[in-house]
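Trainee: I would like to test some labels against their definitions. Can we go through them one at a time?
Mentor: Yes. Here is the structure.

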Amino acid sequence: MNLIPPAVGLQEPALTAGPRSWTYGELSLASDELAAEIKSSAQRLTQPVAHVFGLEAAGALSAHAIATSGLPLVLGHPNWTPSEQGAFIDAVNPSLILSPAGWDWLSDGWSERPIVLPNFDPVSLWSRTSDTSSRDSTLVLSDGTDVAIWTSGSGGKPKLVCHSWSALIRNADEANKRLCFSTGDTWLATLAWSHIGGLGVLLRTARVGSTLAFGPSRFEAKGVLEAIEKGKASHVSLVPAMLQAILDIAPSPPPSLEVVLIGGAATPPLLTERALSSEWPIALTYGMTEAGSQVSVAPPAEVAGGDGSAGPPLSCINVRIASPEATSAGGSAHGEIELSGPTLFLGYGGERPRDPLSWFSTGDLGFFDDSGCLCITGRRSDQIITGGTNVDPDEVEAVLLRHPDVVEACVLGIPDDTWGEVVTAVIVGGGRDLTRRVDTWIRDQLSGPKTPRRFFVVEELPRTVNGKVDRTQVRSRIMAATKDRI
C-alpha cells in the first residue's frame, strides 16, 4: 500500500526537521528502497514488522516503507522499559524491527543491520537470529490486518487494535475535510507514532501532499512553540496537558496557527475558555484507536461560538446513543456511545474478529445536542458508585479545577466497606493547607455524594506516553498509600 496518492507533486515538501527538508519524491525513493530491504529480510510475509521510533523523519519514512512492503505494521514506543519491550515482542512475534540506527535494543536473539538511505539518517533493521516463523504470537492479528496499534492503557490493560490501511485512510480523508487541511499546510508532529493520533497526522499530511514537520523529540512546551514559529505550522495536535503547559508560557498563539486540535482526553471547560480568551484556534475532537482516530470534530469557528461539544460526527462513522440512562437539560437521550461504519477496527489481537456490521460499544457516555453535535460526559468504567449514588468523576474534576490553587485533578472511586466506594481526589496545586482550603471550598460547589471524602496532594500526576493521566497508576499509588486493597 502506497500511502502517497499518485496526484501528489513529487517536488512538494513532505517532511521538515529544523533546517532539513525532504520532498515527496525523495520520500518515495527512500521508502521504496527500504521496503525492498524489508521484503527480502522477512522470514514470512504475514509476520508483522515492529516500528520503534521517536518523533523524527526516519520514523515517518519507516512507516511509509512498511506500508509499501505489504507486511503488517505494529507500532511500538522507544521509551518503553526493557520489560515492556520484551512483552511487546513476545506478544506480536515480529520477524523484523525497524529502529533508529544505534538504538539500544536488547540484542539477545536479534541481529542489527544498519541501512543507509538516500538523504535520510540511517535506520537499523533488526532480524531474528533463529527462525521463529512457526511460532504464533500471543496476540494473533485479525485477518486483513495492515496496522496494529496499542490502546493507551490509561484506565486498564492495553489491547492491540487491528486495522486496515483503507479504514485509516478513509478516516484521515474525512478529518482533512472537516479541518480544511490541504496542500500547502504544515502539521507539527507532537504525538507518538504508537498513538493513533500520531499515525493519523502522518496519514493526513500524506493524503493531501502537505508537510509533516518535526520539532522536539519529546514534548516540551517552549520547544513546540519554537518549532511552530520556525516551521510556520498551520496545524498541531495536543492533549489537554500539553495545551495547558503551552498557555502557561504563551499568552497568544503563533500567527501561522490555524488549528490546534485537542483530543486524547477530556478537555476541561476552563482550559478551553482560557485558550479561547487568548484567541487560540482550538478544535475539539472525540476519537479513539478503535474508530481509526476521529469520530467527531468541532473546528475552531464552531468551538469559539459553541457549547463545548465535540462537533458533529464525521460522515464515515455512524454514532448512536444506546441504553439511554437519563436525559440532558434539552431532553436529549444520554447514555453509552456506540459506533459503526467502515473506519472501525477489525478486532483485537488474540480475540475473535469483530463483525464489521456490528455496533461497537465505546464505554463513553454522552448525548447529541439540538444541533446534532456530540457531547461527551465521561466514561462508564470511571463512574463511581458511593452509597448507591452514581458520581461522574469528570464533573468533580471540572469543579476542582475552578479552584484558583488547583492545577490538575484526578478523581477516583476507592473501595470502602461502608460506602462501597468513596470519592477520592488527587490534586496538584500550591499554597499552605491546600487540602483543607479545597475541602471547605468544594462543599459549597457540589452536593454531598459528589464531594470528595479523601484528598491527596501530589507534585504531579503520572501519565501515559500519550499524555493522558494514567488512572491505573494513580489508583495503585493511592491504594498503597492507604494500605487498602482493591
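**Labels and their grounds**

Mentor: Touching side chains, buried residues and helix crossings are our topics. Keep in mind that this is a predicted model.

Trainee: Why is Ser340 called buried?
Mentor: Its relative accessibility is 7%. Buried means under 20%, so Ser340 counts as buried.

Trainee: Where is Ser340 found, and what does it touch?
Mentor: Ser340 is found in strand β17, residues 333-340. Leaving out residues up to four places away in sequence, Ser340 touches Ile317, Asn318, Ser358 and Trp359.

Trainee: How do you know that the end-to-end distance of helix α2 agrees with its number of residues?
Mentor: Helix α2 covers residues 57-69, which is 13 residues. At 1.5 Å a residue it should span 18 Å. Its end C-alpha atoms are 18 Å apart, so the two values agree.

Trainee: What makes α2 largely enclosed by the rest of the structure?
Mentor: Twelve of its 13 residues are buried, so that description follows. Among them are Ala57, Leu61, His64, Ile66 and Ser69.

Trainee: What comes just after α2?
Mentor: Gly70, with a positive phi of about 90°.

Trainee: Why are α1 and α2 called oblique to each other?
Mentor: Helix α1 is residues 24-41, and it packs on α2 at an angle of about 55°. Roughly parallel needs an angle under 35 degrees, and roughly perpendicular starts at 65. The angle falls in neither range, so the pair is oblique. The axes are 8 Å apart, and the crossing is right-handed.

Trainee: Which residues of α1 and α2 meet?
Mentor: From α1, they include Leu27, Ala30, Leu34 and Ile38. From α2, they include Leu61, His64, Ala65 and Thr68. By class, this contact has eight nonpolar, five polar and two charged residues.

Trainee: What makes α7 and α8 oblique to each other?
Mentor: Helix α7 is residues 240-247 and helix α8 is residues 269-277. They pack at about 40°, with axes 11 Å apart. The cut-off for roughly parallel is under 35 degrees, so α7 and α8 count as oblique.

Trainee: Is the crossing of α7 and α8 left-handed or right-handed?
Mentor: Left-handed. Pro240, Leu243, Gln244 and Leu247 of α7 make the contact with Leu271, Arg274 and Ala275 of α8. Its classes are five nonpolar, one polar and one charged.

Note on methods. Residues are numbered from 1 along each chain as its sequence is written. This is a predicted model: local features need pLDDT of at least 70, side-chain atom pairs count only at pLDDT 80 or more; totals for chains, interfaces and linings use all residues. Side-chain values use heavy atoms; hydrogens and water are left out. Helices (H or I, at least four residues) and strands (E, at least two) are DSSP runs, numbered from the N terminus. Buried means under 20% relative accessible area, exposed over 50%, partly exposed in between (1.4 Å probe, protein chains only). Contact means heavy atoms within 4.5 Å. The expected span of a helix is 1.5 Å times one less than its number of residues. Axes are lines fitted to C-alpha atoms, for helices over the stretch in contact, and angles run from 0 to 180 degrees between N-to-C directions. Angles under 35 degrees count as roughly parallel, over 145 as roughly antiparallel, 65 to 115 as roughly perpendicular and the rest as oblique. A crossing is left-handed if the near helix is turned anticlockwise from the far one by less than a right angle, and right-handed if clockwise. Ala, Val, Leu, Ile, Met, Phe, Trp, Tyr, Cys and Pro count as nonpolar, Asp, Glu, Lys and Arg as charged, and the others, Gly among them, as polar.
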